[in-house]
Amino acid sequence: MPEASVSMDKIVSLAKRRGFIFQSSEVYGGQGGAWDYGPLGVELKNNLKRAWWRANVLQRPDMVGLDAAILMHPRTWEASGHVGHFTDPMIDCRSCKHRFRADHLVSGVAPTAKGGTVRFSVDRGTEAQVLEGLRAAAKKAGSSIDEAEVRVAALHGPDAHLVGPSTNAPCPTCGEVALTEPRMFNLMFKTFVGPVEEAAAQVYLRPETAQGIFVNFANVVTSMRRKLPFGIAQIGKAFRNEITPGNFTFRSREFEQMEIEFFCKPGTDDEWHQRWMADRMAWYTNLGIDPSRLRLRPHDPDELAHYAKGTSDIEYFFPMGWSELEGVANRTDYDLKQHIEFSGQSLTYFDDETSEHIVPYVIEPSAGADRAALAFLLDAYHEEEVPAGEGKTETRVVLKFHPDVAPVKVAVLPLSRNEKLTPTAQAVYASLLKGLRDCVVQYDDSQSIGRRYRRQDEIGTPYCVTVDFETVESDQAVTLRDRDSMTQERVAIADLVPALRQKLGWDG
C-alpha cells in the first residue's frame, strides 16, 4: 500500500494561502460543491488541459477536437438514458437532517476488545475512513476496537454490507437510528429556455461532455473526411447535482472533463481499448505522477455500465484512499445506435473496403480536469529538512511539479530593492516575458531573498533568477537556482533565455 503524499487538510490550507483554489462565494458562506481556481490554480489547470490537448489531439494524426454546447436538445438525454437512469439512491437522517448516498454508506457489526459488539455506519467506505468511524462508534459505546479484527469484520466480514434498504443502522453523523428508506434522485440540473417555465421549455445542464461528440459524429466525418479509426476530443464543463459532494475538489457539482470518443471498427475495439489504457497511464507518469500512487483497476462485471463491454479506472492514491482519476471504457456501439433510434438520422460510417454502412465501436478515455489538478497538487507536495545555518535545520515545503505543469515557470528575484539592482532586474524580467511566451514569469522583490526562495518553492516554480551586485558591477550574469536540487549556477544575461528554454524542455 503506498503512502499519501500529504493530508487533505494541509493541501486545502496551502491551496487557499497560495492562491490555487478558493471556496466558491466564500464571502456569502460558500456554495457547496463548487470551487474557484485562483491565480495559480487556473494556471495549473490550464497547463494540464494544454498538456492533455497537445498529447491527445495536436500530436496525433487520428484525432480532431470539438467544443459542443452545454445546453443540448432534451431528447439527447432521453436517448443517452440520463433522463430515466442517471440516478443515485439517497438517504436522509430524520434526526440531524444530513443526507447521504446509500451506496456510499457501509453498515455492520464489529467486535470490541471487551468481547462485545458495536453497530456502525460510515459514509464513504475507504478502509481508513471505516476504521475512523468505527473508533468513534466504539468510543460512544464506551468500548474500544482492535484494528486487525475491525479491518476483517468491517470490510470483508459477513456482517458488513451496504446500508441499502436497511433503516436500523445508526446515522454516521449523529449516531441516531433515524435513517429513511433510500429513494432515487436524478442528478441532472434542470433549467428553462425562453421566458416561460413550462415542461416544453425544460432543458438540462449537461452531466457529461460525451453526448455532444456522439450527436456530431456525422458532421465531423463529413466535414473533416475522417477514416476509421479516429477520435474526437473535447474539454468542457459538466454539471451533476451530487447528493454528497466532498473531499475538496474531488467530487463537486460543477466540474470539467477532458474526454475522448475514439471510433473504430467492431472487432478492433479490444486492441484499441488496451492501447488507450496504456497511453493514458503513461500520460500521468510522463508528467511526474509517482507510479506507485497509480493503478489500473478493471471493473467487476456487476459494476459495469449497461452499455460497456469493459471499463478500467485509472486510480490515484488520494488521502482518502484509492479513487478514480480517469475511466477508460469500451462503450461498444450503444450511444450511436441510441441517437440513430431517437433522432431518426443516419450516424453510420460507410466502409469503402466492404461497401457497407457500419456503426463504429467507441473507446472512451474520460478524465476529470479538476481531479487531475488535485492529484498533481497532492503528488507534487514534499516536506524536506534543509540547513538553516549554525548546525540547525528547517522544514522546506516544495511542490515538485513537472515544468510543463508548474503554474509559474520562472521567478526573477533581485537580491534587494537597491536602486542599483532594480533597472537590471526589470530588464531581465522584460526579456523573459518576451523570450518565454505563453507562460507565467513572476517578479518578486518583497522580503529577504531566503523567504522569496521558500515562497517560490511552495508554489512549485522550477527556476529562480537572482540579480545581484556582481551582475551590475562586473559579469552581467545572474544566479540561476534549481528548485529541486537548490543548486545555483551563473548564467550570462545574454544566454539566459535559451538556457531556460532548454531546462524547461522547450527546445530539442
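Two strands count as paired if DSSP finds at least two bridges between them. By that rule I checked β3 and strand β12 (residues 230–239) in this predicted model, and they pair in the parallel sense over three bridges. I then looked up a residue pair across these strands: G65 stands opposite A233 in β12.

**The sheet.** I followed the pairing outward and found an open sheet of seven strands. I noted the order as β3-β12-β13-β19-β16-β15-β14, with mixed pairing. The edge strands are β3 (63–65) and β14 (294–298), each pairing on one side only. I recorded an average twist of 25 degrees from one strand to the next.

**Helices on the sheet.** I looked at α8, which packs on the sheet and touches β3, β12 and β13 (254–264). The direction of α8 makes about 135 degrees with that of β12. I turned next to helix α9 (residues 269–286), which also packs on the sheet. Its contacts are with β3, β13, β14, β15 (310–318), β16 (321–332) and β19 (361–368). For α9 I noted a direction about 150 degrees from that of β16.

**F217.** I went back to α8 (residues 217–224) for F217, which lies in this helix. Is F217 buried or exposed? I entered F217 as buried because its relative accessibility is 0%, and buried means under 20%. Leaving out residues up to four places away in sequence, I listed its contacts as F230, F263, L336, L347, T348, Y349 and P360. I also checked S346, which is 129 residues from F217 along the chain; their C-alpha atoms are separated by 9.8 Å.

Technical notes: Residues numbered from 1 in each chain as written. Predicted model: local features only at pLDDT ≥ 70, side-chain atom pairs only at ≥ 80, totals over all residues. Heavy atoms only, no water. Helix = DSSP H or I, 4+ residues; strand = E, 2+ residues; numbered from the N terminus. Buried < 20%, exposed > 50% of the residue type's maximum accessible area, 1.4 Å probe, protein only. Contact = heavy atoms within 4.5 Å. Axes fitted to C-alpha atoms, helices over the stretch in contact; angles between N-to-C directions.
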